[in-house]
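The exercises below ask for strand pairing, core packing and one polar contact to be read from a set of coordinates. Each task is followed by a solution that goes step by step.

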Amino acid sequence: MTSRLLMPFRTAGAGPAPDAETAGSTRPTPILDLAHPRVAALVTRVRRVADERGATTDRDRLRTAHGIIAATVRPVYSVEDLRRVSRTLRLGRGSCSQRMAVLEAVARSLGVPTRVRGLLVDGAFWYPRFPRLRPFVPEEVLLAWPEFLLDDTWVPVAELFANRAETGPAPADAFTNDGAETLFEAVARTTVDWDAPAACAGSAPCDLSAHLRTDLGRFTSRDELFARHGQTLCLPARTLAEPLLGRWSAGMGAGAEAGAGAGAGDGAGGDTGARSPSAA
């Protein structure tokens, strides 16, 4: 059982959905605050590490950036989709959506245009993470799925690692949306696809199409997507949920993480931002 009471009013069919030809951009946005010193410092680090590894293509630089973000920004269930990238970096923690935004910010700073695909995913997809909180899981979760313009082709984030010859075929074990691995980490390990192409149709591990309720189309930025369709949770729900979910690490019990968050002190101050079960 999922909940609609926690969700904003949303009409998926309101207005024509952007099509696959939607242009991307390298410009900053309120979420992708490229000029902030923390964002600029991350981009400098990505360039340096990529150079040290002999990474010469935009795809390789984005893979490098993905690895750095995965290692330095802790996955949590934060519920604020509109959080600025610089704040996510300052906190050192973020939801899947927020860490995807960090990767988009790096891409745009490197001159790689980005856009997002809006996906309304069945809330039941998050049941494994919240087995005792199912009545509070929203009926639908809005994902901003990034795409990057590489060699004149739009590449979804899940395909950034698809052609790494050194890794061989994708692992047979599926992403289960359980435990410490989130969608952000999973794209570097295994194939993730929302469209059930012939290569992984049906019951194959990479096929997540059964969880996709509505494809909202492409948007020039995640800012545009959320401005048009709202966030996963309504404002009152975000305000109440963020103090706990914003510190609750993926793969940890709520009680354990609440205690760890209270005692550890991340040096970032209180998190006054306000997303849903979205670390995955």
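**Exercise 1.** Find the bridge partner of T114 in β4, and place the strand pair in its sheet.

*Solution.* In this predicted model, T114 has F148 of β4 as its bridge partner. The next step is to follow the pairing along the strands, where β3 and β4 run antiparallel to each other over 9 bridges. Extending the search to further strands gives an open sheet of 4 strands in the order β5-β4-β3-β6, with antiparallel pairing. Its edge strands are β5 and β6, each of which pairs on one side only. Neighbouring strands of the sheet are turned by 25° against each other on average, with direction ignored. The last step is to look for a helix on the sheet: α6 packs there and touches β3, β4 and β6, while its direction makes about 155° with that of β4.

**Exercise 2.** Describe how β4 and β5 are connected, and state which residue stands opposite W154.

*Solution.* The strand β5 covers residues 153-156 and pairs with β4 in the antiparallel sense over 4 bridges. Within this pair, W154 of β5 stands opposite L149. The two strands form a hairpin with 2 residues between them, and in the turn D151 has a positive phi of about 55°.

**Exercise 3.** Determine which residues of the largest nonpolar core touch the most other members, and which element gives the most to this core.

*Solution.* The largest nonpolar core holds 54 residues, of which L62, W145, F148, L160, L183 and W194 touch the most other members. At least two core residues come from each of several elements, including α1 (37-52), α2 (58-72), β3 (114-122), β4 (140-150) and β6 (212-219). The element that gives the most is α4, with 8 residues. Taking F148 as an example, and leaving out residues up to four places away in sequence, one finds contacts with L62, L103, A107, V155 and L160 among others, as well as with T114. As a general background, in soluble globular proteins nonpolar side chains tend to be buried together.

**Exercise 4.** Is E80 buried or exposed, and which backbone nitrogen lies 2.8 Å from a polar atom of its side chain?

*Solution.* First locate E80, which lies in the loop between β1 (74-75) and α3 (85-91). Because its relative accessible area is 11%, and buried means under 20%, E80 counts as buried. The backbone nitrogen in question belongs to L82, and it lies 2.8 Å from a polar atom of the E80 side chain.

How values were computed
Residues numbered from 1 in each chain as written. Predicted model: local features only at pLDDT ≥ 70, side-chain atom pairs only at ≥ 80, totals over all residues. Heavy atoms only, no water. Core = buried A, V, L, I, M, F, W, Y, C linked by side-chain atoms within 4.5 Å. Buried < 20%, exposed > 50% of the residue type's maximum accessible area, 1.4 Å probe, protein only. Contact = heavy atoms within 4.5 Å. Pairing = 2+ DSSP bridges. Polar contact = N/O pair within 3.5 Å; in protein donor to acceptor, adjacent residues only side chain to side chain. Axes fitted to C-alpha atoms, helices over the stretch in contact; angles between N-to-C directions.
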